Amino acid sequence: MLLGNNTEQSDPANRSIGGFSVIESAKRVLEFLCPGTVSCADIIALAARDAVELTGGPMIQIPTGRRDGMVSVASNVRPNILDTSFTMDEMIKRFSNKGLSLFDLVILSGAHTIGTAHCSSFRDRFQQDSKGKMKLIDKSLDSSYADELMKECPLSASPSVQVNNDPETSMVFDNHYYRNLLTNKGLFQSDSALLSDNRTRKLVEDLANDQQFFFESWGQSFMKLTSIGVKTGDEGEIRRFCSSTNA
């Protein structure tokens, strides 16, 4: 959330992130009602929790009391996020470094049941030949789905163009993400890897067939995710404005 030269927001991998104004709006209201009490870190965690419930997902109780960090450096971004081109081994290592399991990896990937993505995050999975026809590069992607994606993301498309992560129920938090994987309609290469890898395929199949299992598992894995690197006690601060430290 911190603005400035060389902060995490300045890294190209983060430039497409939105929603900052929503967090700031919530912070302004909270500072008026109970100043210096609710951190920006708590607001972000609660907003993520509520976005799931508002789109049809499970309601989860999560602890609060997080404090805000004081440092934001662009070089911290890449070692701490996934790239959509990651292999399964790369994703497992990145999750393991955060104390998250292979199970958590598959469950939290289910967040792709809602939201949108820029063309650049998956456009290398297919090509457009000189006659305008689609040529499949990544064979793990359904060809008819790739055709649809190419129409939405032609070579002439603006960098700002976005498509739905889930082509079926893009505004509903459900288990259709996993159903889509079974028909080779995972938008990202990292999505398709969950089906093609023997370590995760059975779990994908189970989640595709049982939405309640997904919802219950989501609550457990989301709780773990929101507990990573939390600052409490005398660590950090409770910012007055999310875009800047109090100093």
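I take partly exposed to mean a relative accessible area between the buried class, under 20%, and the exposed class, over 50%. The model I am reading is a predicted one.

**Entry 1: S101**

I looked up S101 and found a relative accessibility of 30%, so I record the residue as partly exposed. S101 sits in the loop that joins helix 3 and helix 4. I then asked which residues S101 touches, not counting those up to four places away in sequence. The residues are F95 and K224. For K224 I also noted the separation along the chain, which is 123 residues, and the distance between the C-alpha atoms, which is 10.0 Å.

**Entry 2: helix 4 and helix 8**

I turned next to helix 4, residues 102-109, and its packing on helix 8, residues 201-209. The two axes come within 11 Å and cross at roughly 40 degrees. Because angles from 65 to 115 degrees count as roughly perpendicular and those under 35 as roughly parallel, I enter helix 4 as oblique to helix 8. I note the crossing of this pair as right-handed. Helix 4 contributes F103, V106 and I107 to the contact, and helix 8 contributes L203, V204 and L207. By class I list six nonpolar residues in the contact of helix 4 with helix 8, with no polar and no charged ones.

**Entry 3: S109**

Staying with helix 4, I checked S109, which is found in that helix. Is S109 buried or exposed? Its relative accessible area is 11%, and the cut-off for buried is under 20%, so S109 is buried. I followed the side chain of S109 to the backbone oxygen of L105, at 2.7 Å. Leaving aside neighbours within four places in sequence, I list Y177, Y178 and L194 as the residues in contact with S109.

**Entry 4: helix 8 and helix 9**

I returned to helix 8 for its packing with helix 9, residues 211-225. Here the axes are 5 Å apart and the angle is about 110 degrees. I therefore describe helix 8 and helix 9 as roughly perpendicular to each other. From helix 8 the contact takes in L203, D206, L207 and N209, and from helix 9 it takes in Q211, F213 and F214. I divided the residues of this contact of helix 8 with helix 9 into four nonpolar, two polar and one charged. L203 and L207 of helix 8 appear in this contact, and they also appear in the contact with helix 4.

**Entry 5: helix 1 and helix 2**

I examined the pair formed by helix 1 and helix 2, which pack at an angle of about 120 degrees with their axes 10 Å apart. I classed the two helices as oblique to each other, since the range for roughly perpendicular runs from 65 to 115 degrees. The crossing of helix 1 and helix 2 is right-handed. On the side of helix 1 I found I23, A26, K27 and L30 in the contact, and on the side of helix 2 C40, I43, I44 and A47. The contact of helix 1 with helix 2 has seven nonpolar residues, no polar residues and one charged residue.

**Entry 6: the segment before helix 1, and S72**

I looked at the segment before helix 1 (20-33), where G4 lies. G4 has 43% relative accessibility and counts as partly exposed. From G4 to M59 I noted 55 residues in sequence and 35 Å in space, C-alpha to C-alpha. N6 lies in the segment before helix 1 as well, and at 48% relative accessibility it is partly exposed.

S72 is found in the loop between helix 2 (40-54) and helix 3 (88-96). With 16% relative accessibility, S72 counts as buried. Which residues are in contact with S72, leaving aside its neighbours within four places in sequence? I found L2, N6, T7 and E8. The side chain of S72 reaches the backbone nitrogen of E8 at 2.9 Å.

**Entry 7: positive phi values**

Most residues other than glycine have a negative phi. I therefore looked for exceptions to that rule. Phi of N6 is near 65 degrees, a positive value in a residue other than glycine. N184, likewise not a glycine, has a positive phi of about 60 degrees. I placed N184 in the loop between helix 6 (176-182) and helix 7 (189-196). N184 is partly exposed, at 33% relative accessibility.

Terms used: Residues are numbered from 1 along each chain as its sequence is written. This is a predicted model: local features need pLDDT of at least 70, side-chain atom pairs count only at pLDDT 80 or more; totals for chains, interfaces and linings use all residues. Side-chain values use heavy atoms; hydrogens and water are left out. Axes are lines fitted to C-alpha atoms, for helices over the stretch in contact, and angles run from 0 to 180 degrees between N-to-C directions. Helices (H or I, at least four residues) and strands (E, at least two) are DSSP runs, numbered from the N terminus. Angles under 35 degrees count as roughly parallel, over 145 as roughly antiparallel, 65 to 115 as roughly perpendicular and the rest as oblique. A crossing is left-handed if the near helix is turned anticlockwise from the far one by less than a right angle, and right-handed if clockwise. Contact means heavy atoms within 4.5 Å. Ala, Val, Leu, Ile, Met, Phe, Trp, Tyr, Cys and Pro count as nonpolar, Asp, Glu, Lys and Arg as charged, and the others, Gly among them, as polar. Buried means under 20% relative accessible area, exposed over 50%, partly exposed in between (1.4 Å probe, protein chains only). A polar contact is a pair of N or O atoms within 3.5 Å; within protein, one must be able to donate a hydrogen and the other to accept it, and residues adjacent in sequence count only if both atoms are side-chain atoms.
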